[in-house]
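Biologist: Please show me the model. I want to ask how its labels are earned.

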Amino acid sequence: MKILTPREIVSELDKYIIGQGQAKRSVAIALRNRWRRQQVPPDLRDEIAPKNIIMMGPTGVGKTEIARRLARLAESPFLKVEATKFTEVGYVGRDVESMIRDLTELAVSMAKKKEQENVKVKAHELAEERLLDILLPKRREDSREEEGGEKEKVLEVVKAEKPESQSTREKLRRLLRDGKLDSRNVEIETTNQNVPMVEVFSNTGIEEMEFNIKEVFGNIFPSKKKKRLVKIPEALEILFQEESQRLIDIDNVIEEAVRMTEQNGIIFLDELDKIAGTESGHGPDVSREGVQRDLLPIVEGSTVTTKYGMVKTDHILFIAAGAFNASKPSDLLPELQGRFPIRVELDSLTREDFLRILTEPKNALITQYKALLETEDIDLQFEESAIEEIASMASKVNERMENIGARRLHTVMEKLLDEISFDAPDMAAEKVTIDKKYVVKKLTDILEDENLSRYIL
Ligand SMILES: Nc1ncnc2c1ncn2[C@@H]1O[C@H](COP(=O)(O)OP(=O)(O)OP(=O)(O)O)[C@@H](O)[C@H]1O
Ligand SMILES: [Mg+2]
C-alpha cells in the first residue's frame, strides 16, 4: 500500500474536481498527517489530536465530491454522514454515536476483505478440491479414507463405480480450470444460519440488539443445511466463500478493525450548517442544538460501545462541510467551533470552470453523454463553440437565478440533449454534431423567458 504525499493526493483529486485548490490542500494535509502521526513515538503520538476541517462554500461547487474522492484515496475507514440525519426523528433523531458504530462496521468489512485477500489462494485451492470431491465422489487417497466415518465409506464405495485415478481427477481439474464445465450444474450443500429478525428499540440502538439476539439464539436455531443445484462457477464461489470464512481468524479481524477505526478513521460530516443557528438569530432549535451537543463528546474524544468492543474517538478525523449561507460557523456551539480549527472556503464556479468541468474530469458530463448515446450507435460530437456556449448559458442562469454551481450543468445538458435522448433508438446509426447554433436554438428561448427557465433549467 502506497502512502500518498499531499501533492499526489491533490493531483489525484484534480482528475475529478476542477479548481478548489485550497480545499484540496487542506484535506491532503490532514490525510498525510494521519500517517505522520503513526511515525511519532507512542507517548507523543497519543497527544496529537487531529485537526478537523470545515469546508464552506455555496451549493454544488464540489464539497461532497472532494470528500467522495478522498474516501477512495484514503485507505482508511471513511464514513460520510449528513448531520441532518440526526435531527429527522423526534428531537435528536438517530443516536449520534451510531456514526462510530457504522464506521467500525466499515472497518470490519475492510479488515475482513484484506484478510480474505491473504487467504485467497489457499481458499481457492480448498474450494477447488472440495468441488472435485463433489464432482468425483469416489475413493480418495488412502489416508483420507481412514478418517472418513463408516457411513461415508459405504457411500464412497457405492458411488465409486471405478476407482478414482489421479489422472481422472487431474483431467477434471483441467476442464474445470479451462471453464469447460461452466454450464454444468452441481448439487452442493449450503448452510445458512436461520436467525429470526427481531427489531427492538432501545437506548443502545437497533444494531446492538440484533447482535445480542444472534448470540443468544444462535444455538437454539441451529444452522440449516440446504441442498442447492447451482452452476459450477457459482458452486466454486460458494465453496470459496465458505473456505475463506473458515480460514479467517475473526478475532484478529476485529482487533485490526478497531485499531484502524481509532487510528485512521475519517468521518465526513456533511450539511453541518443545517444544524447551526438560523438567520433569524434565534439560535438553533432544540433538535439541532441537541445534535451539536451530542456531537461534542464524539469529536472531542470519548469512548463508544460498539458490537466489536469499545472504540475511542480521540483520533478520528472529522471533515465537516456546509454551504453556510444561512448560518456561519460562529453560529455553532463555541465548544464545537473549537474542535474544527481549519476552515477552508470553496470558490463559486465561473464560466471558465464550467468549461473545464464539462470536458476535463475523468467522469466529465460530455464524456458521460457520449458514452450513453454510443450504446444507441450514435456518435455524439460537440464543437468547441458549443461547449463554450453551454458554459456561458449555465453561468448566466446561475447569475440570474439561484446559484446551484455545477449542478446547473446537469439541467442544461439534459435540456439540450432531450430531443436526441428521446429519438436516439429510432435514429439510424449516425454522427450527431452539436454546434453553437444547435445550443442557441435549443436553449435561448428558455433562457430569455425568466419564468420558463425557472422551471426548466
Ligand atoms: N469543482 C468541480 N469540479 C468538477 N465537478 C464538480 C465541481 N463542483 C461540483 N461538481 C459536480 O457538481 C455536482 C455537485 O457537486 P457536490 O455534490 O460536490 O456539491 P456540494 O458542494 O456538496 O453542494 P451542497 O452544498 O449542495 O451539498 C457533482 O456532480 C459534482 O461532480
Ligand atoms: Mg454536498
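Modeller: Start with Thr306: its bridge partner in strand 7 is Gly309. Strand 6 covers residues 303-306 and strand 7 residues 309-312. This is a predicted model, where local features need pLDDT of at least 70, side-chain atom pairs count only at pLDDT 80 or more, and totals for chains, interfaces and linings use all residues. Residues are numbered from 1 along each chain as its sequence is written, chains are lettered from A and ligands numbered from 1 in the order written, and side-chain values use heavy atoms, without hydrogens and water.

Biologist: Why are strand 6 and strand 7 called paired?

Modeller: Pairing needs at least two DSSP bridges between two strands. Strands 6 and 7 have four bridges, so they pair, and they run antiparallel. A strand is a DSSP run of E with at least two residues; a helix is a run of H or I with at least four; both are numbered from the N terminus. A hairpin joins strand 6 to strand 7 through two residues.

Biologist: What makes the approach of Gly60 to ligand 1 a polar contact?

Modeller: A polar contact is a pair of N or O atoms within 3.5 Å. A backbone N or O atom of Gly60 lies 2.8 Å from a ligand 1 oxygen, so the pair qualifies. The side chain of Lys63 also places an N or O atom 2.8 Å from an oxygen of ligand 1.

Biologist: Which helix gives the most to the shell around ligand 1?

Modeller: Helix 4, with three residues. In all, 15 residues surround the ligand, with Ile18 and Thr59 among the closest. Each has a heavy atom within 4 Å of the ligand.

Notes:
A polar contact is a pair of N or O atoms within 3.5 Å; within protein, one must be able to donate a hydrogen and the other to accept it, and residues adjacent in sequence count only if both atoms are side-chain atoms.
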